[in-house]
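Okay, thanks everyone for coming. I'll walk you through one model today, so have the picture open while I talk.

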Amino acid sequence: MKRILLIDDNPEDRMLYRRYLGQQVGHERLEIAEASSGEDGLELFRQLRPDCILLDYNLPDTDGLDMLTQLSQLAPPETLCVVMITGGGNESIAVRALNNGALDYLVKQHFDRELLYKTVVYAIEKNEWRQYQNRYHAEIQTMNRQLRDSLAELTHTRQALHSKNAELTAANDQITARNQQLARSNQDLDNFVYAASHDLKQPVNNLQGLFEELRRTAVVQEPDAATIMRLLEESLHSLSTTINDLAAVVQEQRPASPPVSESVNLAELTADVMQALRPQILTTRARISTDFSALTQLQYVRINLRTILLNLLGNALKYRHPARPPHIQLRAYQDGGQPVLEVQDNGLGLNLERHGAELFHLFRRFHPQTAEGTGVGLFLVNRLVEGPGGHIEVESQEDCGTTFRLFLQNDSQA
């Protein structure tokens, strides 16, 4: 239902318009309101917001052109639907009305019922179409503005990405150059340590021989002679061990040929390692228990696995707790398809919050009260585990013991 507002001071004319508009059979029904003056018409317009206004040009308190101006102040001009009705067929007034916002005009006594109805309906349709176009254009303008903003933002982002990519490329070039420099430095250092450890073996062996000869033939009457000889022997032993460990570390990092993995029987390998450690096991009265029921064979480089076990079991004996005999538990199993080797002891333990980050660093010792040890063993174990792609997890508590859990990666070079 459309709402029509008649603004005309002549009641007979209003009655005629109402009759014409209300007798259109088969057409949309129109709701009609009436005003006899410009003031009343403006008030009804505020209240009803009609779909179309039939506006008489000659009103007692104003004229149609002034009314168009006042109506345009109450609503946007592009939403007004006004059909001006003139009494004298004055073309000048009609043109001015159309220029001021009227959508159409009629001349009194020159239209019938059908023409009035069609004029009103066409004016409403024209107004609705005009509003639709305005909304559509506004939406298009909004979309265009958003697209321009998005394009500007995209351009800015692309420029920022280009700049960042340039920075990353430059940084990557620097890292590559630094890595190459570090690789050369590491190689030089390995060569130096290997040469030094190799060249120092013979002088140390000579010193050991001289010391044995001195201890066999010399007669010293000083009361502290025995203590001095013992300290000399311990120092020579420590020096020899350090040089041999350094040689082992460097040799592991620069093998002459790629190591070959094989199927290793864990029980047999452990027995071999325990035989090598038999003097320490007997001296400390250690108890070593094994459980290989879940994993009896392991594909690995045998010599590397032996070195791993030798160092971990040796450390468990070396860093035993003075208040109790060592109890070492060695087990193997699968975790998500990955072989795990676990070594648990009841020794001195570690403060991992304090020392965890340095646990596998070279020459780091965490129990200075223990005279033995060079700080090379765990470094070597970590290198042998991480080299093929494995990793180590450690749990430890001071005065309670330590658990090393080695997640081993099967070597593919077999």
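Let's begin with Asp56, which is buried because its relative accessibility is just 3%, and the cut-off for buried is under 20%. Keep in mind throughout that what you're looking at is a predicted model. Asp56 sits in strand E3, residues 52–56. There's a reason to start here: the UniProt entry, an unreviewed one, carries the annotation "modified residue: 4-aspartylphosphate" on Asp56. That comes from the record, and such annotations may be inferred rather than shown by experiment.

So what does Asp56 touch, leaving out residues up to four places away in sequence? The list is Ile7, Asp8, Asp9, Gly64, Met84, Ile85 and Lys108. Two of those names will come back. Ile85 is the residue that stands opposite Asp56 in strand E4. And Lys108 is my next stop.

Lys108 is in the loop between strand E5, residues 104–107, and helix H5, residues 113–217. Is this lysine buried or exposed? It counts as buried, because its relative accessibility is 14% and the line is drawn at under 20%. Now look at the end of that side chain. It makes a polar contact of 2.8 Å with the side chain of Asp13, and another, at 3.5 Å, with the side chain of Asp8. Beyond four places in sequence, Lys108 touches Asp8, Asp13, Tyr17, Asp56, Ile85, Thr86 and Gly87. Asp8 and Ile85 are on that list, and both are on the Asp56 list too.

Okay, zoom out to the sheet around these residues. Five strands form an open sheet here, in the order E2-E1-E3-E4-E5, with parallel pairing. The edges are strand E2, residues 30–35, and E5, each pairing on one side only. From one strand to the next the twist averages 20 degrees. As a reminder, strands of a sheet pair through backbone hydrogen bonds, either parallel or antiparallel.

Two of the pairings are worth a look. Strand E1, residues 2–7, runs parallel to E2, with 6 bridges joining them, and Lys2 has Leu30 as its bridge partner in E2. E3 and E4 also run parallel, joined by 4 bridges.

Stay on E4, residues 82–86. How many of its 5 residues are buried? The count is 5 of 5. In a regular strand the side chains alternate between the two faces of the sheet. In E4, Val82, Met84 and Thr86 are on one side, Val83 and Ile85 are on the other, and both faces are covered.

Val82 is a good one to click on. It's buried, with a relative accessible area of 0%. Leaving out close sequence neighbours, up to four places away, Val82 touches Ile53, Leu55, Leu68, Leu71, Ala102, Leu103 and Asp104. Val82 and Ala97 are 15 residues apart in sequence, and their C-alpha atoms are 9.4 Å apart in space. While you're there, find helix H4, residues 91–99, which lies across E4 and E5 and runs at about 155 degrees to E5.

Now jump further along the chain, to another sheet. This one is open as well, with 5 strands in the order E7-E9-E10-E12-E11, but the pairing is mixed. Its edge strands are E7, residues 287–291, and E11, residues 391–397, and each pairs on one side only. Neighbouring strands in this sheet are turned by 15 degrees against each other on average, direction ignored. For an antiparallel pair, take E10, residues 338–344, and E12, residues 401–407, which share 5 bridges. Glu342 stands opposite Arg405 in E12.

One more element: helix H11, residues 377–386, is mostly covered, with 8 of its 10 residues buried. Among them are Leu378, Phe379, Leu380, Val381, Leu384 and Val385, and also Asn382.

Last, the whole-chain picture. The chain has 11 helices and 12 strands, and 35% of its 414 residues are buried. Of the contacts with a separation of 6 or more, 68% are between residues 24 or more positions apart. The chain exposes about 24800 Å², with carbon and sulfur atoms supplying 50% of that.

If you take one view home, take the one with Lys108, whose side chain makes polar contacts with those of Asp8 and Asp13, and which touches Asp56. Okay, over to you.

Definitions and conventions. Residues numbered from 1 in each chain as written. Predicted model: local features only at pLDDT ≥ 70, side-chain atom pairs only at ≥ 80, totals over all residues. Heavy atoms only, no water. Helix = DSSP H or I, 4+ residues; strand = E, 2+ residues; numbered from the N terminus. Buried < 20%, exposed > 50% of the residue type's maximum accessible area, 1.4 Å probe, protein only. Polar contact = N/O pair within 3.5 Å; in protein donor to acceptor, adjacent residues only side chain to side chain. Contact = heavy atoms within 4.5 Å. Areas by Shrake-Rupley, 256 points an atom, 1.4 Å probe, with all protein chains shown as cover. Pairing = 2+ DSSP bridges. Axes fitted to C-alpha atoms, helices over the stretch in contact; angles between N-to-C directions.
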